[in-house]
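Open the model in your viewer and show it as a cartoon. The stops below say what to select next and what is there.

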Amino acid sequence: MKVQLLGTGASDGIPAIFTESRVNRYALDHGGKDRRTRSSALIDDHLKVDFGPDTWIQVVENKVDPSEWSAVLMTHSHEDHLDRSEFQYFLYPFTEREFMPFPIYANQTVADKLWERYPEWPLEIVVTRSYCPFEHQGYTITPIKANHKLDEDSQNLIFQRDGVTFLYGTDTGYWQDETWEFLTDFSLDGLVIECTEGLHRTSYYGHMDLKECVELVQRLRSSGILRPDAQVITTHHAHTGDLTHAELEEALRPYRMVPGFDGMAIEVMSVSGRQ
Ligand SMILES: [Zn+2]
Ligand SMILES: [Zn+2]
């Protein structure tokens with residue numbers, strides 16, 4: 001299973017343009033892996049996860065072909081993940097299309113927001129619920145409940161196909177007990193997980209700092225949910241975490257974790273080596 005990270009930044013990206021910090025300054029001066037657009041991913045070139053305000057630049061810079069997308073899967077309604085206005089450019093009069101070429105899988109809150117913005121439009125929105133798996137083109141996709149924006153069913157997503165199990169968790173928080181219990185049935189071959197707050201924990205419950213992120217990964221490993229040799233990549237980094245990409249690499253290395261960067265692509269393999 002191919003996983004491409006189109007964006008690996010938190011809500012205001014790096015550099016955050018309306019404030020100053022050491023990490024912002026470094027990203028402005030050096031670019032490259034230190035520049036992070038808002039978090040988004042693409043699975044096997046056709047499952048698009050989230051639809052944020054940086055969609056345009058991510059498609060252009062990564063030479064992504066949206067005509068190949070078979071679905072857009074939404075995690076929650078925070079505006080770094082859901083930019084409703086971008087959807088209009090798929091359809092007439094911006095294109096010749098009269099129907100959206102793919103379904104949008106989304107929780108009830110995101111679905112309501114889309115229908116509010118486009119009440120008459122020919123959208124196919126499939127409402128998803130945590131712990132209720134659904135099938136899409138040979139994939140089993142299982143949303144699990146994030147400990148994040150709890151006034152809606154905020155989700156992290158497990159993708160399974162051909163013996164490969166991959167969890168994409170941006171905006172997770174440290175999961176509550178019900179999510180941990182549900183996960184005991186899974187054996188993850190790959191994990192992308194948020195490390196939003198880096199070295200500076202904030203009072204917001206819905207994100208993890210470096211310490212919590214490492215704790216969560218170690219708990220996944222020790223409980224057998226995450227295979228020992230599974231790739232673990234971090235995402236959704238905020239400049240306030242005070243870690244450049246190189247510093248993140250160093251901080252995560254002892255735990256066999258790697259910081260993600262915009263454009264990064266990995267192959268998640270099953271135990272038997274099938275993809
Ligand atoms: Zn976010
Ligand atoms: Zn969020």
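Which residue stands opposite Thr165 of β10? Select Thr165, and the residue to find is Gln160. Before going on, note that this is a predicted model, in which local features need pLDDT of at least 70, side-chain atom pairs count only at pLDDT 80 or more, and totals for chains, interfaces and linings use all residues. Residues are numbered from 1 along each chain as its sequence is written, while chains are lettered from A and ligands numbered from 1 in the order in which they are written.

**Whole chain**

Show everything. The chain has six helices and 14 strands; helices (H or I, at least four residues) and strands (E, at least two) are DSSP runs, numbered from the N terminus. The C-alpha trace spans about 50 × 45 × 35 Å along its principal axes. Of the 275 residues, 44% count as buried. Buried means that 20 or more other C-beta atoms lie within 10 Å of the residue's own; exposed means 12 or fewer, partly exposed is in between, and C-beta atoms are placed from the backbone.

**Strand β10 and its hairpin**

Select residues 155-161 and 164-169, which are β9 and β10. Five bridges join these two strands, and they run antiparallel. Ile158 has Leu167 of β10 as its bridge partner. The two strands form a hairpin with two residues between them, and Asp162 in the turn has a positive phi of about 50 degrees.

Now keep β10 alone and show its side chains. Val164, Phe166 and Tyr168 point one way, Thr165, Leu167 and Gly169 point the other way, and all are buried. In a regular strand the side chains alternate between the two faces of the sheet.

Add β11. Four bridges join β10 to β11, and this pair runs parallel. Tyr168 has Val192 of β11 as its bridge partner. Include residues 177-183, helix α4, to see a right-handed β-α-β unit made by β10, α4 and β11. Right-handed here means that, with the strands pointing away from the viewer, the path from the first strand over the helix to the second runs clockwise.

**The sheet around β10**

Extend the selection to the open sheet of seven strands, in the order β7-β8-β9-β10-β11-β12-β13, with mixed pairing. Two strands pair if DSSP finds at least two bridges between them. β7 (134-136) and β13 (258-259) each have a single partner strand, so one side of each is left without a neighbour in the sheet. Helix α5 packs on this sheet, touching β11 (188-194) and β12 (226-235), and its direction makes about 160 degrees with that of β12. Such angles run from 0 to 180 degrees between N-to-C directions, and axes are lines fitted to C-alpha atoms, for helices over the stretch in contact.

**The other sheet**

Select the open sheet with the order β6-β5-β4-β3-β2-β1-β14, where pairing is again mixed. Its edges are β6 (125-127) and β14 (265-267). Within it, β2 (residues 40-43) and β3 (residues 47-49) run antiparallel and are joined by three bridges. Leu42 stands opposite Lys48 in β3.

**The core**

Finish with Ala41, Leu73 and Met74, the residues with the most contacts inside the largest nonpolar core, which has 56 residues. Such a core is a set of buried Ala, Val, Leu, Ile, Met, Phe, Trp, Tyr and Cys residues joined through C-beta atoms within 7 Å. Leaving aside neighbours within four places in sequence, Ala41 is in contact (C-beta atoms, placed from the backbone, within 7 Å) with residues including Val3, Leu5, Tyr168 and Val192.

Definitions and conventions: Two residues are in contact if their C-beta atoms, placed from the backbone, lie within 7 Å.
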